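The following exercises, each with a worked solution, concern the structure shown below. Please attempt each task before reading its solution.

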Amino acid sequence: MRSIFLASAVLLAGAVGAQAADLMVEAAPGAVDTSFVNSGIYFQLLGGVVQDLPVNYFEDGQDDGHDDTDFGYSIAATAGVVVVDGLSIEADLLYSSRDYAHDDVNTYSTLSLMANAKYTVALNDTFSVYGGVGLGYVWGKEDWSSDAADYGSFGFQVIAGVGAKLTDNITAVAEYRFQDTFDKSNYKGSGDYGLSIPVSTVLAGLKFSF
């Protein structure tokens, strides 16, 4: 009888323990799936609108007036790799174009090649936010109807964006960028004159992860 009682007690204790463990597992909050922000290698393709910021002219490093512009367009392509949780490094191309505000003849355009450091935070299984900074080189062009002037200078950009996972490997992204050059005396072939075409743009597109 004693053996039967002890065996029954052991079985009962085991059943109660198992049930308690199940309750603890059910009560524990589920961990956020961060795989879509820590996916290793990724690529992004983006397009958007450039704000109508004025283009600024300089002579001998001093302010020499500005030209107003219209809203324009921008496109970007990014290749990145996650180095630790949430932190990634990127190679990034951004092209922008917008017209002189008072006619459709003059066009200002930029092409940049930047190295970015970006940090992404997963808010839940679907949404994320990110911010980044970049350093690199910016080529620019001022086109007239019969002539053109080129410039080039090292520059920077800052990035802030949001992401929404569509599938395990595809995320929709939307971001804001501001970009400008450091050097204000940067016309090719001249050390006296410079041009600054600041880029303030909103972009949207897709991120493909591997």
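**Exercise 1.** Identify the residue that lies over the face of Tyr 130, and then the ring beneath the charged end of Lys 207.

Solution. Lys 118 lies over the face of Tyr 130, at 4.5 Å from the ring centre. A charge sits over a ring if NZ of Lys or CZ of Arg is within 6 Å of the ring centre and within 35 degrees of the ring normal. Next, the charged end of Lys 207 is placed over the ring of Tyr 42, 4.5 Å from its centre.

The model is predicted: local features need pLDDT of at least 70, side-chain atom pairs count only at pLDDT 80 or more, and totals for chains, interfaces and linings use all residues. Residues are numbered from 1 along each chain as its sequence is written, and side-chain values use heavy atoms, with hydrogens and water left out.

**Exercise 2.** Determine how strand 4 is paired with strand 1 and with strand 5.

Solution. Strands are DSSP runs (E, at least two residues) numbered from the N terminus, and two of them pair if DSSP finds at least two bridges between them. Strand 1 (residues 41-50) and strand 4 (residues 72-84) are antiparallel, with 10 bridges; Tyr 42 has Gly 80 in strand 4 as its bridge partner. Strand 4 also runs antiparallel to strand 5 (residues 87-99), over 11 bridges, and here Val 82 is opposite Ser 88. Two residues separate strand 4 from strand 5 in a hairpin, and Gly 86 in the turn has a positive phi of about 85°.

**Exercise 3.** State the strand order of the open sheet of three strands, and name its edge strands.

Solution. The order is 3-2-10, with antiparallel pairing. The edge strands, each pairing on one side only, are strand 3 (62-67) and strand 10 (193-196). Strand 2 (residues 55-59) is joined to strand 10 by four bridges, and Asn 56 stands opposite Ser 196.

**Exercise 4.** Classify the aromatic pair of Tyr 137 and Phe 154, and explain what it ties together.

Solution. Rings of Phe, Tyr and Trp (its six-membered ring) pair if their centres lie within 6.5 Å; planes under 30 degrees apart count as stacked, over 60 as edge-to-face and the rest as tilted. The structure holds six aromatic pairs. Tyr 137 and Phe 154 are 5.1 Å apart centre to centre, with 90° between the planes, and form an edge-to-face pair. Tyr 137 lies in strand 7 (residues 127-143) and Phe 154 in strand 8 (residues 148-165), so the pair ties together parts 17 residues apart in sequence. Tyr 137, Trp 139 and Phe 154 form one aromatic cluster.
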